[in-house]
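Here's a quick briefing to read alongside the sequence and the 3D view. Keep both open and look up each residue as you go.

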Amino acid sequence: KQWYQRRVRALEEEPRKGTKLKEGYTEVVTAMRYNNNSINDLADLVPAITSLVVNPAAVSWLDFSFNDINSLNDSLLNFPGLTTLYLHGNQITSLNEVKRLAALPNLRTLTLHGNPLEALDGYRQFVLGTLPTLKQLDFSSVTKQDRADAENWKKLCSKKMKMSKKKKVAEE
């Protein structure tokens, strides 16, 4: 909430004189940095960004790196134009949090390294299988081999899930 209050106070400041836009152009914020703070919850994200920018749908780049975020919520889905999302250096522990990002059709770049979930088996394959539109993960380009590995991982996990369900039904 402190970061939100700082942003609101920033709205009350007088704008700086200087850069002028060419005639016919309007100022549209497309990137926002909230990195290196103590943010642990994204619940106030939409109201904060809405109060700071004219068109939240135009935001394509968000940086929440090096905070204390441990889960993602649906507030990120209010930015369908989001292409780049930095979440590295946080406290995200579950791969299920990544599933929420699948509803962002334009997401091309994602960073999650430095989160506890990075140490989980199949981390990279799971993320790439869940988010097939990614071109870059953790500042590393996604290769054809990465895609193949992700597809194989997805198939393997799907088989394991089916076998597990059959085993549970047989035990009952």
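Arg124 sits at 21% relative accessibility, so it counts as partly exposed, since buried would mean under 20%. Its salt-bridge partner is Asp146, with the closest N and O atoms 3.2 Å apart. Keep in mind that this is a predicted model.

**The Asp146 and Arg124 pair**

- Where do the two partners, Asp146 and Arg124, lie? Asp146 is in helix α5 (residues 144–171) and Arg124 is in helix α4 (residues 123–130), so their salt bridge ties together parts that are 22 residues apart in sequence.
- Is Asp146 buried or exposed? Asp146 has a relative accessibility of 16%, so it goes down as buried.
- Why might such a pair form at all? Side chains with opposite charges can pair up when their charged atoms get close.

**The network around Arg100**

- If you search the whole structure, you'll find three salt bridges.
- Asp74, Glu97 and Arg100 are hooked up in a network of salt bridges.
- One link in this network joins the side chains of Arg100 and Asp74, at 3.2 Å from N to O.
- Arg100 is in the loop between α3 (96–99) and β4 (109–111), while Asp74 is in the loop between β2 (61–63) and β3 (84–86), so this pair ties together parts that are 26 residues apart in sequence.
- Arg100 also forms a salt bridge with Glu97, and here the closest N and O atoms are 3.5 Å apart.
- How do the members of the network score for exposure? Arg100 is partly exposed at 33% relative accessibility, Asp74 is partly exposed with a relative accessible area of 45%, and Glu97 is buried at 14%.

**Two residues with a positive phi**

- Take a look at the loop between β5 (136–137) and β6 (140–141), where you'll find Asp138. Asp138 isn't a glycine, yet its phi is positive, at about 55°.
- Asp138 is buried, with a relative accessible area of 16%.
- Phe139 is also in the loop between β5 and β6. Its phi is positive too, at about 60°, although Phe139 is not a glycine.
- Is Phe139 buried or partly exposed? With 44% relative accessibility, Phe139 counts as partly exposed.

**The chain as a whole**

- How many helices and strands does the chain have? There are five helices and six strands.
- Starting at the N terminus, the elements come in the order α-β-α-β-β-α-β-α-β-β-α.
- The chain has 172 residues, and 33% of them are buried.
- Take the contacts between residues at least 6 apart in sequence: 61% of these join residues at least 24 apart.
- About 11100 Å² of the chain is exposed, and carbon and sulfur atoms supply 50% of that area.

Note on methods:
Residues are numbered from 1 along each chain as its sequence is written. This is a predicted model: local features need pLDDT of at least 70, side-chain atom pairs count only at pLDDT 80 or more; totals for chains, interfaces and linings use all residues. Side-chain values use heavy atoms; hydrogens and water are left out. Helices (H or I, at least four residues) and strands (E, at least two) are DSSP runs, numbered from the N terminus. Buried means under 20% relative accessible area, exposed over 50%, partly exposed in between (1.4 Å probe, protein chains only). Contact means heavy atoms within 4.5 Å. Accessible areas come from the Shrake-Rupley method with a 1.4 Å probe; for residues, only the protein chains shown count as cover. A salt bridge is a side-chain nitrogen of Lys or Arg within 4 Å of a carboxyl oxygen of Asp or Glu.
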